[in-house]
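I opened this model to look up a few places in the fold, one after another, and to write down what I found at each.

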Amino acid sequence: MTLRIRISWPAGHTTATIEETPTSKALAGALPISSTARTWGEEVYFDTPVSVPLESDARQVVAPGTVAFWTEGDALALPYGPTPISRGDEPRLASPCNILGALDADPRILATVRDGDPIRVELVD
């Protein structure tokens, strides 16, 4: 089972395809979510009402456009390029994160998200 989510902010929106995992099931049950975007290098992250443990396949270095869940901060993490701790051009998350899926389009759209923007995540029918 996969599901699609829509992520919206004042300057734009994108969709993502999410795989079935314990974390994605918890997230889907909490949608829709409204939060406040934070930026960290070329990563957008934001708080969610979901709290889950780290999964066995959690990773810290991911591809641009990965939809990840940062268990230490109960936050969705959406990297689109290097972060302050990256080595080279890799997106390196603050710590290992649960991998949920990937954005459906060019992840560079996330560059239009500003720190403090309202952000919303909802299921796509």
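The entries below follow the order in which I looked things up.

**Entry 1: the model.** I note before anything else that this is a predicted model, and I read every value below as computed from it.

**Entry 2: the nonpolar cores.** I began with the interior and found that the largest nonpolar core has 25 residues. I then looked up which of them have the most contacts inside this core, and they are Ile5, Ile7, Val44, Val67, Leu76 and Leu110. The elements that give two or more residues to this core are strand S1 (2–9), strand S2 (12–19), strand S5 (43–47), strand S7 (66–70), S8, S9 and strand S10 (118–123). The most comes from S1, with four residues. I picked out Ile7 for a closer look and, leaving aside its neighbours within four places in sequence, I found it in contact with Gly12, His13, Thr14, Leu78, Leu103, Ile119, Arg120 and Val121. There is also a second, separate core of six residues, and Val62, Ala68, Ala77 and Leu93 are among them.

**Entry 3: strand S7 and its partners.** Is S7 mostly covered or mostly open? I found S7 mostly covered, since four of its five residues are buried. I then followed the pairing on either partner strand: S7 runs antiparallel to S9, to which four bridges join it, and S7 also runs antiparallel to S8, with three bridges between them. Phe69 appears in both pairings, with Asn98 as its bridge partner in S9 and Leu76 as its bridge partner in S8. S7 and S8 form a hairpin with four residues between them, and in the turn I noted Asp74, which has a positive phi of about 50 degrees.

**Entry 4: the aromatic pair.** I searched the whole structure for aromatic pairs and found one. Tyr45 and Trp70 form this pair, which is edge-to-face, at 6.2 Å centre to centre and with 85 degrees between the planes. Because Tyr45 lies in strand S5 and Trp70 in strand S7, the pair ties together parts that are 25 residues apart in sequence. I checked the accessibility of each ring-bearing residue, and Tyr45 counts as partly exposed at 22%, while Trp70 is partly exposed with a relative accessible area of 24%. Buried would require a value under 20%, so Tyr45 at 22% does not count as buried.

I stayed with Tyr45 and listed its contacts, leaving aside neighbours within four places in sequence: they are Thr36, Ala37, Arg38, Thr39, Trp40, Ala75, Leu76 and Ala77. I also took a C-alpha distance from Tyr45 to Ala68, which is 23 residues apart from it along the chain, and obtained 9.3 Å.

**Entry 5: the loop between S8 and S9.** I looked at two residues here, Gly81, which is found in this loop, and Ser86, which is found in the loop between strand S8 (75–79) and strand S9 (92–103).

Gly81 is buried, with a relative accessible area of 4%. Not counting residues up to four places away in sequence, Gly81 touches Glu42, Asp89, Glu90 and Pro91. Gly81 and Pro107 are 26 residues apart in sequence, and I read 8.5 Å between their C-alpha atoms.

Ser86 is buried as well, with a relative accessible area of 17%. Which backbone atom lies 2.8 Å from a polar atom of the side chain of Ser86? I found that it is the backbone nitrogen of Thr83, and that the backbone oxygen of Glu90 lies 2.5 Å from a polar atom of that side chain. Leaving aside neighbours within four places in sequence, Ser86 is in contact with Pro91 and Arg92.

**Entry 6: helix H1.** Which residues of helix H1 (residues 22–30) are buried? I listed Thr23, Ser24 and Leu27. These residues cover an arc of only 95 degrees around the axis, which puts them on the same side of H1. I then looked at the face of H1 turned away from this buried side, and noted that it carries the exposed residues Pro22 and Gly29. Lastly, I traced what the buried residues of H1 pack against, and wrote down S2, strand S3 (33–36), S7, S8 and S9.

Key:
Residues numbered from 1 in each chain as written. Predicted model: local features only at pLDDT ≥ 70, side-chain atom pairs only at ≥ 80, totals over all residues. Heavy atoms only, no water. Buried < 20%, exposed > 50% of the residue type's maximum accessible area, 1.4 Å probe, protein only. Polar contact = N/O pair within 3.5 Å; in protein donor to acceptor, adjacent residues only side chain to side chain. Contact = heavy atoms within 4.5 Å. Core = buried A, V, L, I, M, F, W, Y, C linked by side-chain atoms within 4.5 Å. Pairing = 2+ DSSP bridges. Phe/Tyr/Trp six-rings, centres within 6.5 Å; stacked < 30°, edge-to-face > 60°. Arc of directions from axis to C-beta.
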